[in-house]
Amino acid sequence: MARKYGLLPLLWRMTATERGRWGETLAVIHLEKQNTRILSRNWRWKRFEIDLIGRSGSTWVFIEVKVRKWGMGQQGVEAVDSRKQERIIQAAHHFLRIHDIDAHRIRFDIVCIEYNRHARRINHISDAFICLPS
């Protein structure tokens, strides 16, 4: 029997939602090894959503996770265009406001999980984009 998140051939039978959860779990494992403590998964408020929210020291980290098949069109990083970045920034703003958090340091990361039948790779882009004051 395959390990729950280890055997790649099972990916071909998963729905997009299941692949997304698989990718988020891999991202959590990777981030925790990088000393980022994950505090929330799939945080939603109205039309806003953040895949993962964590802390790295005193820095709040908002993470977008993308799962892509190797060599199939757009890479995960490319899918986080300026419009998606703006939605993540707005979601982070709402999260901090709703939870009454006075964050002095925040960071926006992208974790892209790419896979094929025999392998997977994790591309973690720390500080992938910035929030400019309006």
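Buried here means under 20% relative accessible area. The model shown in every panel is predicted.

**View 1. The whole chain combines two helices with five strands.** In sequence order the elements read α-β-β-β-α-β-β. The chain counts 134 residues, and 39% of them are buried. Among contacts with a separation of 6 or more, 53% join residues 24 or more positions apart. The accessible surface of the chain is about 8300 Å². Carbon and sulfur atoms supply 47% of that surface.

**View 2. The five strands make one open sheet of mixed pairing.** The strand order is E1-E2-E3-E4-E5. Strand E1 (37-45) and strand E5 (120-129) are the edges, each pairing on one side only. On average, neighbouring strands are turned by 30° against each other, direction ignored. Helix H2 (residues 82-98) packs on this sheet. Helix H2 touches E1, E2, E3, strand E4 (106-115) and E5. The direction of H2 makes about 65° with that of E2.

**View 3. Helix H1 covers residues 16-33 and has a buried stretch that packs against the strands.** How many ångströms should the 18 residues of H1 span, at 1.5 Å a residue? The expected span is 26 Å, and the end C-alpha atoms are 26 Å apart, so the two values agree. The buried residues of H1 are Trp22, Gly23, Glu24, Thr25, Leu26, Ala27, Val28, His30 and Leu31. These buried residues pack against E1, E2, E3, E4 and E5. An α-helix has 3.6 residues a turn, so residues three or four places apart point the same way. After H1 comes Asn35, with a positive phi near 65°.

**View 4. His30 is a residue of helix H1.** Is His30 buried or exposed? The relative accessible area of His30 is 18%, under the 20% limit, so His30 counts as buried. Which residues does His30 contact, leaving aside neighbours within four places in sequence? The partners are Ile122 and His124.

**View 5. E1 and E2 form a hairpin with two residues between them.** The two strands run antiparallel and are joined by seven bridges. Arg44 has Glu49 of E2 as its bridge partner. In the turn, Lys46 has a positive phi of about 50°. Strand E2 is mostly covered, with seven of its nine residues buried.

**View 6. A second hairpin links E2 to E3, again with two residues between the strands.** E2 (residues 48-56) and E3 (residues 59-69) pair in the antiparallel sense. Five bridges hold this pairing in the bridge count. Arg55 stands opposite Trp60 of E3. Gly57, in the turn, has a positive phi of about 65°.

**View 7. E4 and E5 form a hairpin with four residues between them.** Seven bridges pair E4 with E5 in the antiparallel sense. Phe108 stands opposite Phe129 of E5. Both Phe108 and Phe129 belong to the ring cluster of View 9.

**View 8. Trp45 and Phe48 form a stacked aromatic pair.** Two rings count as a pair if their centres lie within 6.5 Å. By this rule there are seven aromatic pairs. One of them joins Trp45 and Phe48, at 6.2 Å centre to centre with 10° between the planes. The planes are under 30 degrees apart, which means that the pair is classed as stacked. Trp45 has 26% relative accessibility and therefore counts as partly exposed. Phe48 has a relative accessible area of 6%, so Phe48 is buried.

**View 9. Ring pairs link six aromatic residues into a cluster: Trp43, Trp60, Phe62, Phe95, Phe108 and Phe129.** Where do some of these residues recur in the strand pairing? Trp60, in E3, is opposite Arg55. Phe108 is opposite Phe129, in E5.

Terms used. Residues are numbered from 1 along each chain as its sequence is written. This is a predicted model: local features need pLDDT of at least 70, side-chain atom pairs count only at pLDDT 80 or more; totals for chains, interfaces and linings use all residues. Side-chain values use heavy atoms; hydrogens and water are left out. Two strands pair if DSSP finds at least two bridges between them. Axes are lines fitted to C-alpha atoms, for helices over the stretch in contact, and angles run from 0 to 180 degrees between N-to-C directions. Contact means heavy atoms within 4.5 Å. The expected span of a helix is 1.5 Å times one less than its number of residues. Buried means under 20% relative accessible area, exposed over 50%, partly exposed in between (1.4 Å probe, protein chains only). Accessible areas come from the Shrake-Rupley method with a 1.4 Å probe; for residues, only the protein chains shown count as cover. Rings of Phe, Tyr and Trp (its six-membered ring) pair if their centres lie within 6.5 Å; planes under 30 degrees apart count as stacked, over 60 as edge-to-face and the rest as tilted.
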